[in-house]
Amino acid sequence: MTAGVDLGVPATRAIRSDEDVVRVRQLVRTTAVAAKLSLVDQTKLVTAASELARNTLIYGGGGTAEVTTVEDGRRRGVRIVFVDQGPGIPDIDLALTDGYTTGGGLGLGLSGARRLVDEFDIWTAVGAGTRITVTKWSR
């Protein structure tokens, strides 16, 4: 579970189209710059957010992304919560395995996103959707 104190009002974006995925990426980049993440960490976070937003759209049938700046007393970061009401993930361990895919991709989406962020939390239930929370902290 992620720790930290929210520093502002979260910005929530609907994810219903490819254009929404782009808007989420832009919001994450703007928030990461404001949180003073390094360029490398901004890029890692935007890449992870792009993958997770796309998964929310494709596999979850759409949903939301909530982006907020957080602080844990000595550093700032950006937290993003992706939520969908899709079919859920039947086997999380398998879904997080490099190379596993239910689509036509490389199977690096969830596992790759997990490697790009500092904190990664996933909740899912078959028939009830998925909630993924990621946090990237400044160095």
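1. Start with Asp18 and Arg54. In this predicted model, Asp18 forms a salt bridge with Arg54, and their closest N and O atoms are 3.0 Å apart. The pair links distant parts of the chain: Asp18 belongs to helix H1, Arg54 to helix H2, and 36 residues separate them. Asp18 is partly exposed, with a relative accessible area of 45%. Arg54 is partly exposed too, at 29%.

2. Next, the two helices themselves. H1 covers residues 18-34 and H2 covers residues 39-58. How are two packed helices described? By the angle between their axes and the distance between the axes. For H1 and H2 the angle is about 155° and the axes are 9 Å apart. An angle over 145 degrees counts as roughly antiparallel, so H1 and H2 are roughly antiparallel to each other. Their crossing is right-handed.

3. Which residues of H1 meet H2? On the H1 side they are Asp18, Val21, Val24, Arg25, Val28, Arg29, Ala32 and Val33. On the H2 side they are Leu39, Gln42, Thr43, Leu45, Val46, Ala49, Ser50, Ala53, Arg54 and Leu57. Note that Asp18 and Arg54, the salt-bridge partners of point 1, are both among these residues.

4. Look at the connection between the two helices. Lys36 lies in the loop between H1 and H2. Its phi is positive, about 65°, although Lys36 is not a glycine. Is Lys36 buried or exposed? Lys36 is exposed, with a relative accessible area of 69%.

5. Now turn to Lys136. This residue forms a salt bridge with Asp41, the closest N and O atoms being 3.6 Å apart. Lys136 lies in strand S6 (residues 129-137) and Asp41 in helix H2, so the salt bridge ties together parts that are 95 residues apart in sequence. Are the two partners buried or exposed? Lys136 counts as buried, at 2% relative accessibility. Asp41 is buried as well, at 3%. The cut-off for buried is under 20% relative accessible area.

6. Lys136 has another partner. The side chains of Asp118 and Lys136 meet in a salt bridge, at 3.5 Å from N to O. Asp118 lies in the loop between helix H4 (109-116) and strand S5 (119-125), while Lys136 is in S6, so this pair ties together parts that are 18 residues apart in sequence. Asp118 counts as partly exposed, at 32% relative accessibility.

7. These bridges belong to a network. Which residues does the network link? Asp41, Asp118, Lys136 and Arg139 are linked by salt bridges. For the whole model, how many salt bridges are there? The count comes to 8.

8. Helix H4 holds Ser111. Ser111 counts as buried, with 2% relative accessibility. What does Ser111 touch, leaving out residues up to four places away in sequence? The answer is Leu96, Thr97 and Asp98.

9. Gln85 sits in the loop between strand S4 (76-84) and helix H3 (92-95). Gln85 is exposed, with a relative accessible area of 63%. Even so, Gln85 has contacts beyond its neighbours within four places in sequence: Gly60, Gly62, Ala128 and Gly129. How far apart are Gln85 and Thr124 in space? From C-alpha to C-alpha they are 9.6 Å apart, with their positions 39 residues apart in sequence.

10. Step back to the whole chain. The protein chain has 4 helices and 6 strands. Along the sequence they follow the pattern β-β-α-α-β-β-α-α-β-β. Take contacts between residues at least 6 apart in sequence: 64% of them join residues at least 24 apart. The salt bridge between Lys136 and Asp41 is one example of parts brought together from 95 residues apart in sequence.

11. Last, burial and surface. The protein chain has 139 residues, and buried residues make up 45% of them. The chain exposes about 7200 Å². Carbon and sulfur atoms supply 53% of that area.

Definitions and conventions: Residues numbered from 1 in each chain as written. Predicted model: local features only at pLDDT ≥ 70, side-chain atom pairs only at ≥ 80, totals over all residues. Heavy atoms only, no water. Buried < 20%, exposed > 50% of the residue type's maximum accessible area, 1.4 Å probe, protein only. Contact = heavy atoms within 4.5 Å. Areas by Shrake-Rupley, 256 points an atom, 1.4 Å probe, with all protein chains shown as cover. Salt bridge = Lys/Arg side-chain N within 4 Å of Asp/Glu carboxyl O. Axes fitted to C-alpha atoms, helices over the stretch in contact; angles between N-to-C directions. Parallel < 35°, antiparallel > 145°, perpendicular 65-115°, else oblique. Left-handed = near helix turned anticlockwise from the far one by under 90°.
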